[in-house]
Amino acid sequence: MSSTISDIYNFDLPQLTRIAHAGHVKRCLSGLPDSQVDVDSGRMALAFYCIGSLDLLKMVQDKISSSDRESWREWIWEQQTSGKYGAGFRPGPFMSTGPSSTSTYTDYDTPHIIMTYTALLTLAILRDDFSRLDKRGMLVLLKSCQREDGSFSTVPGSVSGETDLRTLYCAFVISHLLNDWSGINVDRALSFIASCRSYEGGYGQTTYCEANGGTTYIAMAAIHLAPVPSVPLTPSEKRKTIEWAIHKQLQSGGFCGRTNKVADACYCFWIGGSLKILGAASFIANCQFKFGGIAKAPGEHPDPYHTYLSLAALSMFPLDDAHSTSFASSWVFEPLDPLINARQETAEWARKYIAIR
Amino acid sequence: MSSPTTSAPEPPRYADRPEWSDVIPVEQYENVNPLAPIFYKDIYKDAADYFRGIVKTGEKSQRVLDLTERIIRLNPAHYTAWQYRYETLLAIEADLEDELRLMDELAITYLKTYQVWHHRRLLMLKIRKPATELVFIAKTFREDAKNYHTWSYRQWLLAYFNDDSLWSGELDFVDELLNADIRNNSAWHHRFFTVFQSGVRDGEQDTERILRRELIYVKQSISLAPNNASAWNYLRGILDHNGIPYSKMIAFVQPYTLPNDDQKADLVDLDNPPPSKDAHLPCAAAVEFLADIYEAEGGDSMLKATELWKSLGNEHDVARKKYWEYRIREGLRAIQT
Ligand SMILES: [Zn+2]
């Protein structure tokens, strides 16, 4: 057992095939086969994973034509809609019957909190000036989506919205970027986060649920984004959460999302720990798909979600110098802002230009 | 299409069905340069066009159930189709138990889709018969005993309806799942939820007895399979929850930190079951646990803790070597200040 472990430490990283990964997400942006029709009600998030991957690879400004960037921005702005529950972005035009700027939305074509978060980040990547942003409408949307227990539903006013920590996190990032928390009851939201904490030290997707890597990251980021100077975690709770996360790393160097589950590339980001301390880079290397793009596990098909999160993990935790490899430069990334999940320069742009609207 | 392996032929498009001729289909509006467009299959585009047409007129009728079912089967993540379907069911006062039976099939087919479970939850708020639901969920666990949505739905049912008869079978149920897979962390989590959280019943305030029962349970489980993070987490969880110092477990934990040949002869001690004969020892989780005991004692014991961390980093848990080095540094700093 221990011999395989030392192999991981001496692992000579192959090249990170940056061009191929960029090619994978660019293909997705130009069109998806019908087999991915379930993305129809989540296209904005897919666009974020694709354009976000290009941003982490530093290809947006010089490798994408300005007319492409322009038309992407136009598509995103077309999804901003306003109406009785406030304003925000919808997932895409799957329920749209006409231009969004000329009329208010119906109950079946409302904006969506997660899509609003991904739209703001994508527009920041595209260096939009946010002059078209309906800031006041967005604060109303947040208010419409928060429930009694402090959680947020993805869409307002209906019975169909999911309410879990992911939506709460997106609502927090939106408020943080707007630099205005008046749309949220923060205390109630923080107590919802606390109710998701499990005896293992991680956080579940909603109250009573099993601890999971994605939602634990989200809980930590949300607690740090919160504007109130409260300390919702005691030192011993904090330590327990760190220990829980540390133990999600497996022999392969990869991370799993829950205790006793198999590794998945996206948990390198979610659990993170740190590639620097723990050497998970080799796991991501093994997940590279030979035709470009990164998959959840070795041998599986790539997708923009796992591509983005793997690159984001590399940006968050730069490789150790000990990993001297002939392909070292292919593994170098610019720093990532872990709280809002965007390249630092993009995050700075977002904070600057969204807040002034 | 003539191949014998193809399943049922595609159903006719709504555009070709005379009984739908009164509905005006509405195309998806998209400006000139779509981002990540989906190349819809004809049958999906047809159904979606008619769905937008129906939503525009606000029609809620039996045929809307047919239309939304087709969309859901093609794209179960289409949350608007689910939403409209639910509103239609209520508007036409459809038999919700029939709907639930249809959902039995869809839940298995689309086990990982959130909407399937959310819809079920909405139905159950109206039907209010949670007991049979627990049976149904147990059946889905044969497909996937760690499905997050299913567990979340079960926990919601129990906590929301919260009656004694509903809870009464939960521990046996967990036991059955753990017998099938002792490493099923979802089942361990559910045990905690049942014993220490929402499942606490009136008259179970005798926490001493329950705590003792749970400690015996988890120790027995560890003795059968020592290298099981779920069981160790459960042990730590119940100690933390009940404010019991880890040091109370030292007699139990110690044998698991020693190599196989150092094990003492059998003593039948229910409180401290020894590792099974074929266990892979020393067990890293036990070494870590013992180190935590020494660390909490502080003083001279801290050096014993650092020795154990060193053995984890060098031998028993090399993958986390840097983490154990960090613990050693922190531990030593704590006793120097
Ligand atoms: Zn994944």
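This is a walk through a predicted model, one selection at a time.

**Stop 1: the two chains**

Color by chain and start with chain A. It has 16 helices and four strands. Of its 357 residues, 64% are buried. If you look at contacts in chain A with a separation of 6 or more, 66% of them are between residues 24 or more positions apart.

Now switch to chain B. Here you'll find 16 helices and zero strands. The radius of gyration of chain B comes out at 28 Å, while the globule rule gives 20 Å for 337 residues, so chain B is more spread out than a compact globule. Put a box around the C-alpha trace of chain B and its principal axes span about 85 × 50 × 50 Å. Buried residues account for 53% of the 337 in chain B. Among contacts in chain B with a separation of 6 or more, the share from residues 24 or more positions apart is 64%.

**Stop 2: the zinc ion**

Back to chain A: select the zinc ion together with D264(A), C266(A) and H306(A). Which atoms act as the protein donors of the zinc ion? D264(A) appears twice, through OD atoms, and is joined by SG of C266(A) and NE2 of H306(A). The donors lie 2.0 to 2.4 Å from the zinc ion. Along the chain their spacing reads D-x1-C-x39-H.

Why is the arrangement around the zinc ion irregular? The four donor atoms subtend angles of 57 to 117 degrees, and a tetrahedral label would need all angles to lie between 85 and 135 degrees.

While you're here, turn on a surface. D264(A) has a relative accessibility of 11%, so it counts as buried. C266(A) is buried too, at 3%.

**Stop 3: a hairpin in chain A**

Next, select residues 80-83 and 86-89 of chain A. These are β1(A) and β2(A). The two strands run antiparallel, with four bridges joining them, and a hairpin of two residues takes you from β1(A) to β2(A). To get the register, pick S82(A): it stands opposite A87(A) in β2(A).

Show side chains on β2(A). In a regular strand, side chains alternate between the two faces of the sheet. In this strand, G86(A) and G88(A) point one way and A87(A) and F89(A) the other. All of these residues are buried.

Then click on T81(A), which sits in strand β1 of chain A. Is T81(A) buried or exposed? Its relative accessible area is 4%, so T81(A) is buried. Beyond its neighbours within four places in sequence, T81(A) contacts G86(A), A87(A) and G88(A), and also R90(A), S100(A), Y105(A), D109(A) and P111(A).

**Stop 4: salt bridges in chain A**

Time for the charged side chains. The whole structure has 52 salt bridges over all chains, and a few make handy stops.

Select R351(A) and D337(A), whose side chains form a salt bridge at 2.7 Å, N to O. This pair links distant parts of the chain: R351(A) belongs to helix α16 (residues 344-355) and D337(A) to strand β3 (residues 336-337), 14 residues apart. R351(A) is partly exposed at 28% relative accessibility, whereas D337(A) is buried at 8%.

For something with more partners, select D55(A), K58(A), R127(A), E334(A), R343(A) and E345(A). Salt bridges link these residues in a network.

**Stop 5: salt bridges in chain B**

Hop over to chain B and select E19(B) and R17(B). Their side chains meet in a salt bridge of 3.3 Å, N to O. E19(B) is partly exposed, at 45% relative accessibility, while R17(B) is buried, with a relative accessible area of 18%.

For the last selection, take K112(B) and D144(B), a salt bridge of 3.9 Å, N to O. Where do the two partners lie? K112(B) is in the loop between α4 (96-109) and α5 (114-127), and D144(B) is in the loop between α6 (130-140) and α7 (148-161), so the pair ties together parts of chain B that are 32 residues apart in sequence. K112(B) is exposed, with a relative accessible area of 65%. D144(B), with 18%, is buried.

Notes: Residues numbered from 1 in each chain as written. Chains lettered and ligands numbered in written order. Predicted model: local features only at pLDDT ≥ 70, side-chain atom pairs only at ≥ 80, totals over all residues. Heavy atoms only, no water. Donors = N, O, S within 2.8 Å, 3.2 Å for Na, K, Ca; no water. Tetrahedral: all angles 85-135°; square planar, octahedral: opposite > 155°, others 65-115°. Buried < 20%, exposed > 50% of the residue type's maximum accessible area, 1.4 Å probe, protein only. Salt bridge = Lys/Arg side-chain N within 4 Å of Asp/Glu carboxyl O. Pairing = 2+ DSSP bridges. Rg over C-alpha atoms; globule rule 2.2 N^0.38 Å. Contact = heavy atoms within 4.5 Å.
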